[in-house]
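Open the model in your viewer and keep the selection panel at hand. The tour moves strand by strand, then to a pocket, then to the cysteines.

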Amino acid sequence: MPDPLLPFTTKPLATDCEELAPDTSEIRVLCRTTRGSTAHGTLPPGAVALAIVHRTVDEIWYVLSGRAEIWRRQGDREEVIDAGPGTSLTIPVGTHFQFRTVGDEPFRFVMFTMPPWPGDEEAVRVPDHWPVEATGR
């Protein structure tokens, strides 16, 4: 049975960061429904995000600009990929992950989260793949 009719939502991309993600990337909140949410993420040049794992959500990322190395681990399976514009990747629930920018351009991406992002308690800190220096952010 379909969801009851919900109002249409339209939201422009915020000019400034609206919040910091648990991994320390800059977040601009986009639209959400009862089944999923979206956000725009930015990691500045030279930055390394904190390593985390999600408790209940899956994410799909789509890279808009910049480059990053992204580490993902599920049990014994582990990989580091190079992600640039046009790259799409998944972060299934329970996957440990961390990312860092490569080059002089910010890493910008869109996150699709299913079910919708429930709040910061969703993310649990895990040991870093790359060392993280205090950035003062």
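## Start at β3

Select β3 and β10: the two strands pair in the antiparallel sense, over 7 bridges. Bear in mind that this is a predicted model. Now pick T38. Across from T38, in β10, stands F112.

Stay on β3 and colour by accessibility. Is β3 mostly covered or mostly open? Mostly covered: 6 of its 7 residues are buried. As you step along a strand, remember that in a regular strand the side chains alternate between the two faces of the sheet.

## Add β2

Next, add β2 to the selection. β2 and β3 also pair in the antiparallel sense, here over 5 bridges. Follow the chain between them. β2 and β3 form a hairpin, with 4 residues in between. For a reference pair, select E26 and then T42. T42, in β3, is the bridge partner of E26.

## Move into the pocket

Turn on a surface or pocket display. Rolling a probe the size of a water molecule over the atoms shows where empty space is left. The largest pocket has a volume of about 310 Å³.

Which residues should you select to centre the view? Take E19, I27, A39, M111 and W117, which lie nearest the centre of the largest pocket. The full lining counts 22 residues.

Now show the strands behind that lining. These elements each give two or more residues to it:

- β1 (19–20) and β2 (26–32)
- β3 (37–43) and β4 (52–54)
- β5 (58–65) and β10 (107–114)

Which strand gives the largest share? β2 does, with 5 residues. So far you have met β2 as the hairpin partner of β3.

Recolour the lining by residue class. You should find 13 nonpolar, 4 polar and 5 charged residues.

## Finish at the cysteines

Select C17 and C31. A disulfide is a covalent bond between the sulfur atoms of two cysteines. How many disulfides does the model have? The count comes to 0. C17 is in no disulfide, and the nearest cysteine sulfur, that of C31, is 18 Å away. Seen from the other end, C31 is in no disulfide either; its nearest cysteine sulfur belongs to C17. A disulfide needs the two sulfur atoms within 2.5 Å.

Last, check how open each site is. C17 is partly exposed, at a relative accessible area of 32%. C31 also counts as partly exposed, with 28% relative accessibility.

Conventions. Residues numbered from 1 in each chain as written. Predicted model: local features only at pLDDT ≥ 70, side-chain atom pairs only at ≥ 80, totals over all residues. Heavy atoms only, no water. 1 Å grid on protein atoms, 1.4 Å probe; cavity = no way out; pocket = protein on both sides within 12 Å on 5 of 7 lines; lining within 4 Å. Points joined across faces, edges and corners; volume = space filled by probe spheres on them. Nonpolar A, V, L, I, M, F, W, Y, C, P; charged D, E, K, R; others polar. Buried < 20%, exposed > 50% of the residue type's maximum accessible area, 1.4 Å probe, protein only. Pairing = 2+ DSSP bridges.
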